[in-house]
Amino acid sequence: MDTITPDNLASIEFSLKWGKNGIKHEDRYYAQRVNFWRDILPPALAEKIMGASAGEHIAHAFAPGEVIPPASTQAIHPVAHARVEGRLSDGTACRPRYGRFYPRGILQGVSGVFRGNIEPFRCTAVAKSGIEADFNHPLADIDLMFEARICDVREKFEEHGGSLNDWAEQITTGPGMQARCNGEPTDFFASKAFDRGDPADDRLFYRQPRFVQHIDARAIETIQRLYARLIPEDSRVLDLMSSWTSHLPDSLKTRSVDGLGLNAEELAANQRLSRHVVQDLNRDTHLPFDDGAFDAAVCTVSVEYLTRPFDVFEEMARVLAPGGIFIVTFSNRWFPPKAIRVWTEIQPFERMGLVREYFSRSGRFAKLETFSSQGWPRPDDDKYAGQMLFSDPVFGVWGRRV
């Protein structure tokens with residue numbers, strides 16, 4: 001059995017686990033080609049990985065400042081509104097909102113910032129005179145647990161030089177954006193936040209069935225594993241905004257699965273469903289089920305289309321039994337005309353924060369957690385293989401009914 005040495009290559013699934021404001025977060029990153037002679041890993045983690053074999057799990061806890069530089073007041077900049085040059089997708093002026101992330105290039109007169117700079121900053125204060133732009137990493141001053149699952153180990157055939165990967169930097173790019181700033185709700189809900197490119201009746205858009213997968217097979221497998229881990233056996237499950245497939249793993253034994261969606265033909269073709277209901281949640285948010293009717297509920301790659309999410313999440317709390325779990329998963333692909341405006345304007349990891357606010361606004365969910373998975377190679381048989389290197393990322397947020 002091959003073991004990891006400086007002369008090996010390895011595929012490793014890294015997990016970054018952390019907590020903030022009482023919420024647990026796990027962000028996974030699949031590194032397909034780790035070169036131990038050239039690449040950079042946190043020394044304490046690299047030392048533990050040396051000598052490991054495929055199938056082993058390694059973990060190391062890092063104190064604040066060991067991986068991410070500690071927060072500095074020098075990285076916080078007051079900027080007058082007149083020196084913020086952002087534009088939204090429709091060309092209107094962008095005024096940063098509390099807790100949101102924006103590219104640094106929209107700021108004028110800040111040392112070291114150039115037009116076109118896409119590194120993010122967080123808006124940590126808004127006043128009449130201007131904003132506060134925080135350049136600190138969102139994971140600064142947080143305890144971090146790094147885990148590494150060794151997927152395979154292989155020898156290098158030859159070494160000719162080439163790229164160098166700082167895996168800690170790649171793993172921590174994005175994570176942290178889903179957490180609130182100073183424990184306060186993020187201001188996602190500006191006027192027109194729930195506007196859409198196509199405001200017409202959704203029943204017209206979805207009147208034709210679409211018997212296609214909206215994410216690739218690798219992403220589907222990730223979602224199925226997540227559902228298998230979180231949904232208890234013999235559960236009564238609600239598949240919200242369902243279609244012709246429910247993404248529940250075959251191995252998960254359920255008491256029943258009810259589906260609610262927009263297209264009758266798709267729902268009728270879903271062999272996992274015990275019953276189904278055709279309903280447009282953007283017209284009628286009341287769920288046609290009894291209080292406490294379900295032990296678990298899922299909403300898969302659809303939450304971005306809800307124009308009245310607060311009402312829907314209130315209803316979800318009503319139809320879940322106490323302790324029941326509601327799991328929302330999504331990716332970075334959607335039907336552009338029907339996605340709400342704020343969804344299209346924010347960073348991928350921020351979208352977990354947006355969904356978290358849906359859960360929190362109701363006040364009826366606890367034990368919130370978030371999950372992300374990215375970096376896996378795109379399946380060879382996927383229609384976008386050769387055009388897109390990586391599998392569709394998966395993001396998840398869930399909470400339990402109180």
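Here are a few short exercises on the aromatic rings of this predicted model.

**Exercise 1.** Work out how the rings of Phe189 and Phe194 are arranged, and whether each residue is buried or exposed or in between.

*Solution.* Start with the big list: searching the whole structure turns up 26 aromatic pairs. Now pick out Phe189 and Phe194, whose ring centres are 5.8 Å apart with planes at 20°, so this pair is stacked. The cut-off you need here is planes under 30 degrees apart. Next, check accessibility: Phe189 has a relative accessible area of 21%, which makes this residue partly exposed. Phe194, at 22%, is partly exposed too.

**Exercise 2.** Classify the pair Tyr305 and Phe335, then find which parts of the chain the pair ties together.

*Solution.* Geometry comes first: the centres sit 6.2 Å apart and the planes make 25°, so by the under-30-degrees rule the pair is stacked. Then place the residues. Tyr305 is in the loop between strand S12 (294-300) and helix H6 (309-319), while Phe335 is in the loop between strand S13 (320-330) and helix H7 (341-345), so the pair ties together parts 30 residues apart in sequence. Last step: Tyr305 has 9% relative accessibility, so call this residue buried.

**Exercise 3.** Which charged residues sit over the rings of Phe335 and Trp376?

*Solution.* For Phe335, look at Arg210, which lies over the ring face at 4.8 Å from the centre. For Trp376, go to Arg218: its charged end is over the ring, 3.7 Å from the centre.

**Exercise 4.** Name some residues that share a ring cluster with Phe189 and Phe194.

*Solution.* Follow the ring pairs outward, and you'll meet a cluster including Phe188, Phe310, Phe313 and Tyr358 along with Phe189 and Phe194.

Key
Residues are numbered from 1 along each chain as its sequence is written. This is a predicted model: local features need pLDDT of at least 70, side-chain atom pairs count only at pLDDT 80 or more; totals for chains, interfaces and linings use all residues. Side-chain values use heavy atoms; hydrogens and water are left out. Rings of Phe, Tyr and Trp (its six-membered ring) pair if their centres lie within 6.5 Å; planes under 30 degrees apart count as stacked, over 60 as edge-to-face and the rest as tilted. Buried means under 20% relative accessible area, exposed over 50%, partly exposed in between (1.4 Å probe, protein chains only). Helices (H or I, at least four residues) and strands (E, at least two) are DSSP runs, numbered from the N terminus. A charge sits over a ring if NZ of Lys or CZ of Arg is within 6 Å of the ring centre and within 35 degrees of the ring normal.
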